Amino acid sequence: APSSALLLRQLTTALFETRAYIQLARISREGRKTIGAFYVVDVDDRRPLTEERKLEVKERLIYRVQNN
């Protein structure tokens, strides 16, 4: 499993490459379980991502995690 620092770098690289950013992050705990919700928007128009853009970001993130 990747370290927290590596995972954070992979996430931010994927967001940069797809011109998206996290506008709001909410992290909570339920017992031993951590739950995160991230509001990701387009860099250019600051609007929520379309379904197409969500898929683009998801695919890039998967690529980054699998290929360091």
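# Helices and largest pocket

In helix 2, Arg53, Val57 and Arg64 are the buried residues; buried means a relative accessible area under 20%, exposed means over 50%, and partly exposed lies in between (1.4 Å probe, protein chains only). They lie on the same side of helix 2, because their arc around the axis is only 35 degrees (the arc being that of the directions from the helix axis to the C-beta atoms).

The model is predicted, so local features need pLDDT of at least 70 and side-chain atom pairs count only at pLDDT 80 or more, while totals for chains, interfaces and linings use all residues. Residues are numbered from 1 along each chain as its sequence is written, and side-chain values use heavy atoms, with hydrogens and water left out.

## Overall layout

The protein chain contains two helices and two strands, arranged α-β-β-α from the N terminus on. Both kinds of element are DSSP runs numbered from the N terminus: H or I with at least four residues for helices, E with at least two for strands. Along the principal axes, the C-alpha atoms of the protein chain fill a box of roughly 35 × 25 × 15 Å. Of the 68 residues in the protein chain, 16% are buried. Among contacts (heavy atoms within 4.5 Å) between residues at least 6 apart in sequence, 40% join residues at least 24 apart.

## The two helices

The expected span of a helix is 1.5 Å times one less than its number of residues. The table sets this beside the distance between the end C-alpha atoms.

| Helix | Length | End-to-end C-alpha distance | Expected span |
|---|---|---|---|
| Helix 1 | 14 residues | 20 Å | 20 Å |
| Helix 2 | 17 residues | 24 Å | 24 Å |

For helix 1, the expected and modelled values agree. Gln10, Ala14 and Leu15 are the buried residues of helix 1. Their arc around the axis is only 130 degrees, which puts them on the same side of helix 1. Strand 1 (20–30), strand 2 and helix 2 are included in what covers them. On the other side of helix 1, the exposed residues are Ala5, Leu8 and Phe16. Leu8 counts as exposed because its relative accessible area is 51%. Between the C-alpha atoms of Leu8 and Ile22, 14 residues apart along the chain, the separation is 12 Å. Just after helix 1, Arg19 has a positive phi of about 55 degrees.

The cover over the buried residues of helix 2 includes helix 1, strand 1 and strand 2. Glu51, Glu52, Lys58 and Gln66 are exposed on the face of helix 2 turned away from its buried side. Asn68, just after helix 2, takes a positive phi of about 50 degrees.

## The largest pocket

The largest pocket holds about 380 Å³ of space. A pocket here is an open set of points on a 1 Å grid over the protein atoms alone where a 1.4 Å probe fits, with protein on both sides within 12 Å along at least five of seven lines; lining residues have an atom within 4 Å of a point. Points are joined across faces, edges and corners, and the volume is the space filled by probe spheres set on them.

There are 15 lining residues, and Leu11, Ile22, Phe38, Val40 and Leu61 lie nearest the centre of the largest pocket. Helix 1 (4–17), strand 2 (33–42) and helix 2 (51–67) each supply at least two residues of the lining. Helix 1 gives the largest share, five residues. The lining comprises twelve nonpolar, one polar and two charged residues. Nonpolar covers Ala, Val, Leu, Ile, Met, Phe, Trp, Tyr, Cys and Pro; charged covers Asp, Glu, Lys and Arg; the others, Gly among them, are polar.
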